[in-house]
Structures are given as structure tokens and as C-alpha cells.
Amino acid sequence: MKNNGSNAESTLALDRVQREQIWAKTSHIIEDFFSKLREMPVAPKSNPVELRRFLESFQFDGPRDPLDVIDFSAQGLSKNRLNTSHPRFFGHFMPASSAMGVAADALTAAFNPQLATWRACPFATEVDQHVIKSWGQKFGYTSGSTFGHFTSGGSEANHTALLTALNSKYPTYRSQGAVSLSARPTIYTTSEAHLCHLRAASFCGLGSESVREVPVDSTLRMNLDALRLQIEIDRKGGFDPLMVVATGGTTNAGVVDPIAGIASIARKEGLWLHVDAAWGAPAVLIDEIKNNEFSGLDQADSIIMDAHKWLSVPMGAGMFLTRHPDILEKTFKFAAHFIKLDESAGFQVVDGYFQSLQWSRRFIGLKLFMTMATEGWRGYQTEIQRQIDLGKLLRELLTESDWRIENQTRLPVVCFTDAISQIGTSKNFLEAIAKRVVDSGEAWLFCTQLKKDLPALRACLVSFHTTADDIRALVNALNRARQGILSSRFT
Ligand SMILES: *Cc1c(COP(=O)(O)O)cnc(C)c1O
């Protein structure tokens with residue numbers, strides 16, 4: 001393909017015919033991937049030496065045919081990637097992308113709107129805000145008191161939560177930093193919380209040791225008495241308790257900390273309550289779970305959710321929400337005035353770079369907006385309930401096959417050990433089972449550690465492609481793997 005534009009060396013500006021070939025080829029490859037997902041291996045093996053040799057053919061010393069380059073990239077992705085979109089990928093919360101999410105990301109890439117300021121793309125900023133406020137209402141906030149933005153993911157959103165808590169409490173933090181504080185702030189989570197909270201504490205200048213690991217009860221939930229006690233110990237020790245992080249669906253075991261109980265302690269003690277519901281938040285669409293596990297969520301000072309997990313939009317879609325109107329500008333705005341009015345329209349608008357860690361900002365919300373617009377709350381609700389039911393089925397089938405369930409939750413993640421053999425809870429044994437299942441190509445899962453040192457096999461299911469047959473296939477593969485290892489040990 002030759003560029004017929006003014007600069008013969010450049011292919012940045014192709015002509016219409018060439019571009020249409022590129023779009024057609026790309027959409028053909030995408031559709032092929034979507035429709036053949038089930039036939040593709042769950043975990044193709046990659047060889048780093050071969051991969052690098054392959055890439056070395058690209059010395060960027062001359063133009064190449066765009067269609068060949070697309071082919072090369074698609075092949076590379078398809079052959080060298082844990083196939084997290086596969087219906088039998090039970091490893092992490094990375095389901096297949098919704099079709100509308102892919103379309104939205106393509107539109108976003110093409111129009112490439114800049115969301116740093118409202119003026120640069122009012123549509124994008126308003127869509128983001130509309131989606132944030134809609135979810136705020138599902139979490140129990142009112143539309144008028146939901147503020148927030150999209151982030152690259154849960155880590156950035158949790159980092160934002162700590163920054164807002166710090167700026168809400170300490171007027172000098174923003175200009176003089178953590179060193180200006182007379183007492184060291186402390187943060188409360190559990191052993192089951194995500195490690196990004198340790199990193200956030202480190203990045204915010206508090207140090208990861210300011211994060212207290214509150215003991216959990218036998219169901220892996222934060223123990224409220226232990227939380228009260230730790231706060232008291234810290235106050236006596238000269239620390240300044242700042243924030244408590246309740247996890248709304250732990251990454252490992254899907255358990256929800258007792259949010260309502262934590263909220264009342266936080267209120268009494270004057271702590272910022274943050275709920276990290278990165279993957280579990282969509283469960284609020286199920287009334288029974290909203291009114292039990294997630295009761296008290298409306299009292300959270302901030303909440304985060306990853307739309308790229310259970311809501312199945314393409315990667316890079318975290319959300320930060322707070323009910324405090326001015327805290328984002330107080331934290332992120334470096335300019336003379338705090339409230340900016342759009343002069344032409346005369347009403348208050350959101351300028352992304354004054355309200356978040358990012359400056360140039362991609363249109364992240366479109367993929368969720370377009371998926372929600374076609375799916376509706378009902379569609380998401382039905383799908384989430386279906387997956388919760390598959391989680392129940394997995395628990396039942398595992399129990400019938402003499403596996404012991406190690407976590408209690410209604411969310412679809414199941415941790416289990418072997419109830420038959422003497423070595424049923426040994427790490428080596430469970431890891432060997434996971435390896436056999438993965439090597440068999442039947443499914444993908446791994447062995448985790450609960451409370452940091454109790455090994456357990458773990459399967460989470462958040463994919464709209466997964467069916468009851470896939471669950472049965474997983475249990476059969478596990479049974480075969482266990483049998484295979486046990487018989488080879490004793491013969
Ligand atoms: C996934 C997850 C995170 C981190 O989110 P990223 O999007 O990977 O940055 C934080 N907390 C919990 C509970 C999670 O499950």
C-alpha cells in the first residue's frame with residue numbers, strides 16, 4: 001500500500017480506500033475472535049525467546065503494508081495471551097469485553113476527545129458524569145450528592161480515596177505534605193484487602209506501615225471489636241486514625257466486610273469510610289445483596305468500582321465516587337478559585353484536570369454508557385443473578401465431589417480444598433491440581449492463600465459467556481486432576 005498524500009515517507013494519513021480496508025480487516029478480526037472464543041485455548045503457551053525474535057523483524061526501517069501489520073498484531077495477541085475472555089477462564093475478574101464496549105473504545109480512539117476541560121468535549125464530560133451519578137444512586141447516594149470520575153482502574157481510584165481523606169482532614173497536607181502533620185495518620189483494612197492500599201499509603205507519603213491489618217473473623221470479614229481496639233491503641237500511641245477501608249467483595253474470597261457496623265464506628269471515631277468494591281459493587285443490583293451485605297454503603301464517604309471487572313467493559317475503567325461536593329477540587333485543583341463557572345452557559349461544570357489525578361483524560365465512560373444503554377439495569381441484573389446462581393451450582397457440585405468450601409459468600413467466587421485425602425489442604429497438592437487442570441486445557445484457575453497462609457483453590461466466574469456446562473466441565477477436570485495425582489503418588 002502506498003500513500004498518495006503529500007509526504008511519501010508517511011503513512012499517517014492514508015486515503016479513504018486504504019482506511020476502509022483497515023477498518024474492514026480490523027472488524028473482521030474482532031468478529032472472528034468473538035465468535036471463535038470457545039474453540040480457542042484458555043491458556044496458550046508463550047515462548048519469550050521466540051516472541052522477541054519475531055519482534056526483531058521490526059526494525060522500523062521502512063514502511064510496511066498496514067494490513068500485514070494488523071495481521072501480525074492480531075496473531076501476536078491471539079497466540080500470546082492468557083485467554084481471559086474464554087468462558088472457562090476462572091482466574092481473575094477479567095471477563096470478555098461487551099461488544100458495545102469495543103465499539104465505544106473504537107469511537108473514543110477515533111474522535112479522541114480530550115476530557116481535561118469541560119469545554120474541550122462537553123458531551124464526553126456529561127456522559128461520564130451521568131454514568132457516575134446513575135451508579136451513585138444504585139449505591140444509595142442521591143444524584144445531587146454524587147461526585148466522581150473515571151480512573152484507569154481500581155488502584156488509581158483507591159489512591160484517589162486516600163488523597164481525598166487526607167485533604168478532607170488536614171488543611172496543610174496539600175501544600176506542605178505529610179511531613180507537616182503533627183501525628184502520623186493510620187488506615188484500617190484487613191489481611192484480605194487489596195495490596196493497592198499499601199501502595200497508596202506509600203505513594204501519599206504516609207508509608208505502607210501506616211496501614212493497619214485489622215484481624216478478620218472466621219468468615220474472613222473485618223472484626224469490629226478488633227477495629228475499635230486497634231483505633232484505641234493507635235490513639236494512645238500518638239497516631240491519628242484517618243480512614244477505614246471496607247472491602248465490598250474481597251479479591252480472593254468475595255466476602256463483604258460488615259459495612260454498616262464499620263460505618264457506625266467510623267462515624268463515632270471521625271474516620272473517613274472508604275468502600276473498595278472494585279469487583280463486587282455490581283451485586284447491589286440484586287436487592288437481597290444490596291440490603292444485606294451492602295447495607296450501610298450509602299454512608300461511605302467514598303466508593304470505588306471497576307467497570308472493567310463484573311460489568312464486562314474493556315480494560316481501563318475504574319470509577320471513584322464520593323458524596324462530598326468540594327473534596328475533589330480541594331484535593332486536585334491548583335488554581336485561584338475553587339468553583340469554575342462556564343462563562344457562556346453560566347452553570348457549574350466539571351473540568352477533569354481540576355478533579356482527578358489525571359490531566360489529559362481519555363473518554364473512559366463511553367464504553368460503560370453504551371453498554372448500559374443497550375443492556376439496561378434489567379439486563380445487567382439478570383446477568384449478574386445468573387452468574388451468582390452459577391456460583392451456587394459450583395459450590396454444590398464441588399461439595400458433592402468431596403471438596404471442602406472455604407469461603408462463605410453469595411458472590412460468585414469459590415475457594416476450596418480437597419476433603420478426601422490427608423494432604424487435601426497442602427499448598428503443593430492444591431497447586432499441582434491447578435496446574436493439571438490448566439495443562440489439560442479444560443479451564444484456568446489458580447491456588448490462592450486465604451488469611452495470607454491458608455492455601456485454597458479459587459475459581460471466580462464473572463463472564464457472560466460461562467454456562468452451567470462450563471461449571472460441570474471445571475468440576476470434572478478438578479476431579480480428574482485430583483485422582484490423577486493421588487493415584488500416581490500411591491502406585
Ligand atoms: C481488582 C481490585 C483492585 C485493583 O483494581 P485495578 O483495576 O486492578 O487497579 C482493588 N481492590 C479490589 C478489591 C480489587 O478486586
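This passage describes helix packing, nonpolar cores and selected residues in a predicted model. Residues are numbered from 1 along each chain as its sequence is written, and side-chain values use heavy atoms, with hydrogens and water left out. Because the model is predicted, local features need pLDDT of at least 70 and side-chain atom pairs count only at pLDDT 80 or more, while totals for chains, interfaces and linings use all residues.

Helices (DSSP runs of H or I, at least four residues) and strands (runs of E, at least two) are numbered from the N terminus. Two packed helices are described by the angle between their axes and the distance between the axes. Axes are lines fitted to C-alpha atoms, for helices over the stretch in contact, and angles run from 0 to 180 degrees between N-to-C directions.

Helix 1 (residues 16-35) packs with helix 3 (residues 66-79) at an angle of about 20°, and their axes are 10 Å apart. The two helices are therefore roughly parallel to each other; angles under 35 degrees count as roughly parallel, over 145 as roughly antiparallel, 65 to 115 as roughly perpendicular and the rest as oblique. Helix 1 passes helix 3 in a right-handed crossing. A crossing is right-handed if the near helix is turned clockwise from the far one by less than a right angle, and left-handed if anticlockwise. On the side of helix 1 the contact (heavy atoms within 4.5 Å) is made by Gln21, Ile22, Lys25, Thr26 and Ile29, and on the side of helix 3 by Pro66, Leu67, Ile70, Asp71 and Ala74. These residues divide into 6 nonpolar, 2 polar and 2 charged. In this division Ala, Val, Leu, Ile, Met, Phe, Trp, Tyr, Cys and Pro count as nonpolar, Asp, Glu, Lys and Arg as charged, and the others, Gly among them, as polar.

For helix 5 (residues 122-138) and helix 13 (residues 365-400), the axes come within 9 Å and cross at roughly 55°. Helix 5 and helix 13 are therefore oblique to each other, and their crossing is left-handed. Helix 5 contributes Val127, Asp128, Val131, Ser134, Trp135 and Lys138, which meet Gly365, Leu366, Leu368, Phe369, Met372 and Trp377 of helix 13. The residues of this contact comprise 8 nonpolar, 2 polar and 2 charged.

Trp135 and Leu368 also appear, together with Met319, as the residues with the most contacts inside the largest nonpolar core, which has 62 residues. A nonpolar core is a set of buried Ala, Val, Leu, Ile, Met, Phe, Trp, Tyr and Cys residues joined through side-chain atoms within 4.5 Å. Buried means under 20% relative accessible area, exposed over 50%, and partly exposed in between (1.4 Å probe, protein chains only). Elements that each supply at least two residues of this core include helix 5, helix 9 (224-236), strand 4 (240-247) and helix 13. The largest share, 7 residues, comes from helix 13. Leaving aside neighbours within four places in sequence, the contacts of Trp135 include Pro282, Met305, Met319, Leu368 and Trp377. A second, separate core of 28 residues includes Leu393, Cys447, Val475 and Ala477.

Two residues of helix 6 (residues 154-169) were examined, one of them Asn158. Asn158 is buried, with a relative accessible area of 2%. Beyond its neighbours within four places in sequence, Asn158 is in contact with Cys196, His197, His274, Asp276 and Ile304. Thr160 lies in helix 6 as well and is buried, at a relative accessible area of 0%. With neighbours within four places again set aside, Thr160 touches His149, Phe320, Leu328, Phe332 and Leu357.

Val102, in helix 4 (residues 99-111), is partly exposed, with a relative accessible area of 23%. Val102 and Ile30 are 72 residues apart along the chain, yet their C-alpha atoms are separated by 9.1 Å. Ile30 is also among the contacts of Val102 outside its neighbours within four places in sequence, as are Phe34, Ser97 and Pro314. Trp403 lies in strand 8 (residues 403-405) and counts as buried at 2% relative accessibility. Its contacts beyond neighbours within four places in sequence include Leu398, Phe416, Ile433, Leu457 and Arg482.

Most residues other than glycine have a negative phi. Leu220, however, has a positive phi of about 75°; it lies in the loop between strand 3 (211-214) and helix 9 and is buried, with a relative accessible area of 5%. Lys452 likewise has a positive phi, of about 70°, and lies in the loop between strand 10 (446-450) and strand 11 (454-460).
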